[in-house]
Amino acid sequence: MEAKANGSTRKPARVIEGPSNPIVTPLLTDLYQFTMAYSYWKAGKHNERAVFDLYFRKNPFNGEYTVFAGLEECIRFIANFRLTEEAISFIRETLPGSCEEGFCDYLRGIDCSDVEVYAISEGTVVFPKVPLVRVEGPIAVVQLLETPFLNLTNYASLVVTNAARHRLVAGKSKMLFEFGLRRAQGPDGALGASKYCYMGGFDATSNVAAGRLFGIPLCGTHSHAFVGSFMSPDEIIERSLHSSDRSTTCKDFVSLVQSWLSKIQWSKSLNGGFGETNQSELAAFMSYALAFPNNFLALVDTYDVMRSGIPNFCAVALALSDLGYKAVGIRLDSGDLAYLSCEARKFFCAIEKEFGVPGFGRMSITASNDLNEETLDALNKQGHNVDSFGIGTYLVTCYAQAALGCVFKLVEINNQPRIKLSEDISKVSIPCKKQIYRLYGKEGYPLVDIMTGDNEPSPKVGERILCRHPFNESKRAYVVPHHVEGLLKCYWPGNSGKVREELPPLKDIRESCIKQLEQMRPDHMRRLNPTPYKVSVSAKLYDFIHFLWLNEAPIGELQ
């Protein structure tokens, strides 16, 4: 028997699993979606063919770009869309008693086999007003998809954009670790943050569950509590450690570390930098190194970074080096991160020079402590020697902006274009089924995104194209593109027989996202006063928007 996903009628394709979070079911929606579905069904309109656009109106974080995310979860949702008997019973009890039983029979039969979904690829840099997702299908069914789609894309796109912004400020050479699990908005917020921060350019997460679910690299060592749990080196019972090649065994690693600490203390090049270090901290470092000799990274700010943490770390790292191991580095979680990272680097370089240990001066320095875009930018301006950043609260909670504000608007019903009007121009929708193209200039940068009617011919390379602002008649420009990219792809064909675009692995989306961000013109991406990216419509679509606007807007009458 051929395995096929819900709604797939073409050649056998990979079965699409359900959403990552099992709570994402057809009941994860607003009540008015079911009341509207009943009203459509009661009026006999439930099977009318509708087209909806999912888009946002304003870029987040006072920037001029957004990264689209959440598409895979949307496709997983519709691929497995079915209302269980338990769910239908609950809806029957929830709706007013006057609702007819036939509606429940209707709900038993619906799925997404007659729905089509066209979308911009996940991880793409996107802009306001441009449809990220276009959903076509029976209006009652598509309305039931509205709230879940918005829920699955709003936070995903917001947090991946936040991650991308942090990556751009930190620079390509730095490692970024997501440490937000304990501060995130619940388990789902934490898992989503880990997934989409990785997509936006972070290198690893501390979230073990996310590592298992999404294949994200994991990172983490120990906390201040681990350091504080030790009292003295006397607590260390098992003191032996094999060399890295297993050829010899150090019987007393503790004594080896203490001898190195003594050498550091008597070193002329380091003389006067510190005196007696904290011995409980030293015991914690030795214990951790004995457990993880190949992955020794120490948190050095429990007591005093330069007078205790750094010397203790160096003593343990040098002892490990004697046995053929290479320590990873340190983490700073408080204090003046710029100053401390520079002082730590000087100390490491002095150790390398004094004791002839190659590469010791390049020991990794990781910084954490409530970091955000602003602190990363400030550290860059001050000058620092941090190699990696662990970022949590401000990243995963999107502290600078609570929500993206995606919307889901009807643009066509029964092949008739529809428009939503408003006194607020930003809330006027762009009607009809559309195609979206990205036009590139001769330098390889994207110049403008242009929306056209679905039946209009696509823009061509070398062709002079008039690009118009959707609502401002004076804003217009000709563009002669050197490359044209169609953005909408069919990710769910329903019963249309069209080829379904496969969902790429998370790692591939991440690579594509990073590449896209690098392709954007720098002035669109800068933190302060970025240049707005142009989003336009074709001349034909512009004329139609304003024709429909005048046709639908009531004419006032002066008394």
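In this predicted model, an open sheet of 6 strands follows the order β15-β14-β1-β5-β3-β21 with antiparallel pairing, where two strands pair if DSSP finds at least two bridges between them, and where helices (H or I, at least four residues) and strands (E, at least two) are DSSP runs, numbered from the N terminus. The edges of this sheet are formed by β15 (416-417) and β21 (488-492), each of which pairs on one side only. Within the sheet, strand β1 (residues 49-55) is joined to strand β5 (residues 133-138) by 6 bridges in the antiparallel sense, and R49 has P138 of β5 as its bridge partner. Helix α5 (residues 139-170) lies across β1, β5 and β14 (407-413), running at about 155 degrees to β5; axes are lines fitted to C-alpha atoms, for helices over the stretch in contact (heavy atoms within 4.5 Å), and angles run from 0 to 180 degrees between N-to-C directions.

Residues are numbered from 1 along each chain as its sequence is written. Because the model is predicted, local features need pLDDT of at least 70 and side-chain atom pairs count only at pLDDT 80 or more, while totals for chains, interfaces and linings use all residues, and side-chain values use heavy atoms, with hydrogens and water left out.

An open sheet with parallel pairing is also present, its 6 strands having the order β7-β6-β13-β12-β11-β10. Here β7 (204-205) and β10 (297-299) stand at the edges with a single partner strand each, so one side of each has no neighbour in the sheet. Strand β10 runs parallel to strand β11 (residues 329-332), to which 3 bridges join it, and A298 has I330 of β11 as its bridge partner.

Turning to the side chains, a search of the whole structure finds 19 aromatic pairs, a pair being rings of Phe, Tyr and Trp (its six-membered ring) whose centres lie within 6.5 Å, with planes under 30 degrees apart counted as stacked, over 60 as edge-to-face and the rest as tilted. Two of these pairs are set out below.

| Pair | Centre to centre | Angle of planes | Class |
|---|---|---|---|
| Y288 and F292 | 5.0 Å | 40 degrees | tilted |
| F348 and F360 | 6.0 Å | 75 degrees | edge-to-face |

F348 lies in helix α12 (residues 337-355) and F360 in the loop between α12 and β12 (364-367), so their pair ties together parts that are 12 residues apart in sequence. F348 is buried at a relative accessible area of 0%, and F360 is likewise buried at 3%, where buried means under 20% relative accessible area, exposed over 50% and partly exposed in between (1.4 Å probe, protein chains only). In the tilted pair, Y288 is buried at 8%, whereas F292 is partly exposed at 40%. Ring pairs also link F348 and F360 with F285, F296 and F313 into a cluster.

Charged side chains also meet aromatic faces: K263 lies over the face of W260 at 4.2 Å from the ring centre, and R510 lies over that of Y198 at 4.8 Å, the criterion being NZ of Lys or CZ of Arg within 6 Å of the ring centre and within 35 degrees of the ring normal.

Finally, a search of the whole structure finds 0 disulfides, a disulfide being a pair of cysteine sulfur atoms within 2.5 Å. For C197, the nearest cysteine sulfur is that of C398, 7.5 Å away, and C197 is buried with a relative accessible area of 0%. C219 is in no disulfide either, the nearest cysteine sulfur, that of C197, being 12 Å away.
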